[in-house]
Each structure stands twice: as structure tokens, then as C-alpha cells.
Amino acid sequence: MPERTSQAAPETTSPAPGQKPGTTTGPKPVAKDTTAGMLFGIGAYVLWGLLPLYFFILMPAGAVEIVANRVVWSLLFCALLITVTRTWGVLAAAVKDRRVFGPLALAAFLIAINWLTYTYGVTTGQAVEASLGYFINPLVSVLLGVFVLKERLRPLQWAAVGVGFIAVGVLTYSYGKLPWIALTLAFSFGLYGFVKNRVGSRVDAITSLSVETMVLAPLAAVAMVVLALNGSSTLTTQGAGHFWLLLASGVITAVPLLFFGASARRLPMTTIGLLQYFAPVLQFLVALLVFREAMTMERWIGFGVVWLALLLLTLDMLRAARRNSLARRAALRAAA
């Protein structure tokens, strides 16, 4: 799945024009532009939501080959972007800074697990369960806040987590097994977002993706060579169209990230949190309407319980945002 960000840990944004090369400080804020921010945000999440269609047309390539190509061509595309934007100094500084490189290296392996699991789910007829992982992800972010950051949950958040556990139980019953694809996606991406959030504003989106793909590129290159040697590679055996579609994975990986970075700099996090549901909803619809995957009554009930948990989280998020807004206005009036 997408390297899109979790509700609790938004992707770091792109550097502002004029940022000095060789620094890893955060980009300068831009003026809030709700219309442009919404368009960028919707564009990012729609592209992530339609990603299953891209993996589908890449078949018969398997999950390992798709992810390996995605890593290698993403790195080359990032190198092109860095050359155009003249930010090689920023990348070099990020690699030398242990506080940046260490978390990004860990994030690289987490996103590799996420990508492999998601691609496997889509290419083996389990796209519905894959979409479930990203519906569950906000609940995982809440749990990380409790167990890692020692945050105290509000009543609606507790209710959402409780309902989420019930949903996993219902879905385990309906699938006849633990929905491991969904849980792996939810936890790998939740941890990925948490680790990326620790880096904070010290690195921008393209530099971050560049470092992550640099870490994974040697393993990806080895995988591509092994697949080619044992005759399993489809890169050069399925025609020119297939070849260029695999090479396009670099652009398809980076563009939504750029859109999201532009959106996150213009919109409040409450809006970003609501927009994130675009992706799993689209993935779910693609699985049902395009891939024609089966949905039993038990699975509909399980998904319905998950959506109830998300509704509770959304209501809590909106209420907290309103309370914070009122508090800020009160503070401004008191200071006037």
C-alpha cells in the first residue's frame, strides 16, 4: 500500500523554495490555501485508492518483483527530482545525520513489509482484506499512542478501540482465520507512520523517500537478479507495455507523496485525517466492483463494525478540533 500517512503521523512535507542546500530543517510554512490543499489531498488519496488497479495490470508479475521494481525505479526517479531541485546537499546531510538516517532505515523495512503484504493481497485475490488493513490503521495509531506515547484516551476513543476489537473477532470468524493481511498492513503502516513522525520536520518527503529506497535498493536489486536468473522475472518477457509499466512504478510511488506533502502544508490535520478514508474506501470498491471479490454476510457485518469504530474516532476528532479552536479563540480574546 501506499506510503500514505497514518492519522497519527502525517508525512513530512516538501522543502520550501529557497531552502539552503545541506540543511535538514523543516520547510518554511506556506499560506493556508484550502482549495489547493483539498485538491492535492484528494489527488493523493485517490491515486493511493486506485493502486490495486495498477498492480492488477502488472500481473503475472508477483509481489516480490513488483515491490523490487518499485524500490529501484523510485530511487532513480527521486535522484532525478533531487537533481532538478538541486537538493543533493540536503540528501547528503540526511544520510550523515544519525537522528535522521536511523529512523528512516527502520521506516524503510517497515514500509517494505507493508508494500509486500499489500501487493501480495491484491495479486492473490484478497484486495478486500487489504483494504480492511487501512480501515483498521487509525485504531492502531490510537493504540500506539496509548502503549508507546503513554497518552490518555478520551471516552469516544476507548469506545472506538473496543468496537475495533469486536470487529477483528467478527472478521476472524467470517474468514475462518485471523485476517493476517489486514493486521499486518495496519500494524506495519501504523509503526511506519510513528517512526516517520519521530523524524519530524528534519527531513522533507522526497529526501525521506530517497533515503528509504537507498536502504532497500540493494535487496531489491538482488531480488530482481535472482528472479531473472531463475526465469521468474517478467520485466523483459511480457512485452514493451509491461516493461514500461513496471518502470513507471517510480513515478506512481512518488507523485502521491508530493501531492500529500503539498496538501499537508495547506490543510489542518483534522481535514487530513478525514481525507485519509478516501483510499481504503476506493480500494474496497475496486475489490468489489472490478475484481468481483466475494463478500459474505458475516464479512459485511465485520466491516460494518469497523466502520462504526471509525465513525466514533471521527466524531471524537471533530469534537477535539472544535474544542481546540474555541480554546484558541478564547486565548486570543484574553490576550487582546
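Is the crossing of α3 and α11 left-handed or right-handed? I shall begin with that pair of helices and then widen the view. Please bear in mind that the model before us is predicted.

The crossing of α3 and α11 is right-handed. Helix α11 covers residues 249-264, and its axis lies 7 Å from that of α3, at an angle of about 60°. That angle makes α3 oblique to α11, because it falls outside the 65 to 115 degrees that count as roughly perpendicular. On the α3 side, the residues that take part are Asn69, Arg70, Trp73, Ser74, Phe77 and Leu81. They meet Ser249, Gly250, Val251, Thr253, Ala254 and Leu258 of α11. By class, this contact comprises six nonpolar, five polar and one charged residues.

Helix α3 itself runs over residues 63-85. Its 23 residues reach 32 Å from the first C-alpha to the last, close to the 33 Å expected at 1.5 Å a residue. After α3 comes Arg86, with a positive phi near 55°.

One residue of α3 merits a separate comment, namely Asn69. With a relative accessibility of 1%, Asn69 counts as buried, because the cut-off is under 20%. Setting aside residues up to four places away in sequence, Asn69 touches Ser74, Met224, Leu235, Leu246 and Ser249. Of these partners, Leu235 is 166 residues from Asn69 in sequence, yet their C-alpha atoms are 8.8 Å apart in space.

Let me now place this in the context of the whole chain. How many helices and how many strands does the protein chain have? There are 14 helices and zero strands, and the pattern along the sequence is accordingly a succession of α elements. The chain has 336 residues, of which 53% are buried. Among contacts with a separation of 6 or more, 86% join residues 24 or more positions apart.

I turn next to a second helix pair, α2 and α10. Helix α2 comprises residues 51-58 and helix α10 residues 240-247. Their axes come within 10 Å and cross at roughly 140°, and the crossing is left-handed. The contact is formed by Tyr54, Ile57 and Leu58 from α2, together with His242, Leu245 and Leu246 from α10. Five of the residues in this contact are nonpolar, one is polar and none is charged.

Two of the α10 residues just named, His242 and Leu246, are also touched by Thr234. Where does Thr234 lie? Thr234 is found in the loop between α9, residues 205-229, and α10. Its relative accessibility of 6% places Thr234 in the buried class. Beyond the neighbours up to four places away in sequence, Thr234 also touches Pro60, Ala61 and Glu65.

We may now consider helix α1, which spans residues 34-49. At 1.5 Å a residue, its 16 residues should span 22 Å, and the end C-alpha atoms are indeed 22 Å apart. Several residues of α1 are buried, including Ala36, Gly37, Tyr45 and Trp48. Met38, also in α1, is partly exposed, with a relative accessible area of 27%. Apart from neighbours within four places in sequence, Met38 is in contact with Leu267, Thr271 and Leu275. The C-alpha atoms of Met38 and Ser263 are separated by 6.6 Å, although the two positions lie 225 residues apart along the chain in sequence distance.

Helix α8 offers another view of burial. It extends over residues 180-199, and its 20 residues reach 29 Å, close to the 28 Å expected. Since 14 of those 20 residues are buried, α8 is largely enclosed by the rest of the structure.

Finally, I draw attention to Phe284 in helix α13, residues 278-290. Is Phe284 buried or exposed? Phe284 is buried, with a relative accessible area of 5%. Its contacts, not counting residues up to four places away in sequence, are Val128, Ser131, Phe135, Met295, Trp300, Phe303 and Trp307. The C-alpha atoms of Phe284 and Pro52 are 9.7 Å apart, for a pair 232 residues apart along the chain.

To close, I return to the two helix pairs. The crossing of α3 and α11 is right-handed, whereas α2 passes α10 in a left-handed crossing.

Key. Residues numbered from 1 in each chain as written. Predicted model: local features only at pLDDT ≥ 70, side-chain atom pairs only at ≥ 80, totals over all residues. Heavy atoms only, no water. Helix = DSSP H or I, 4+ residues; strand = E, 2+ residues; numbered from the N terminus. Expected span 1.5 Å × (residues − 1). Buried < 20%, exposed > 50% of the residue type's maximum accessible area, 1.4 Å probe, protein only. Axes fitted to C-alpha atoms, helices over the stretch in contact; angles between N-to-C directions. Left-handed = near helix turned anticlockwise from the far one by under 90°. Contact = heavy atoms within 4.5 Å. Nonpolar A, V, L, I, M, F, W, Y, C, P; charged D, E, K, R; others polar. Parallel < 35°, antiparallel > 145°, perpendicular 65-115°, else oblique.
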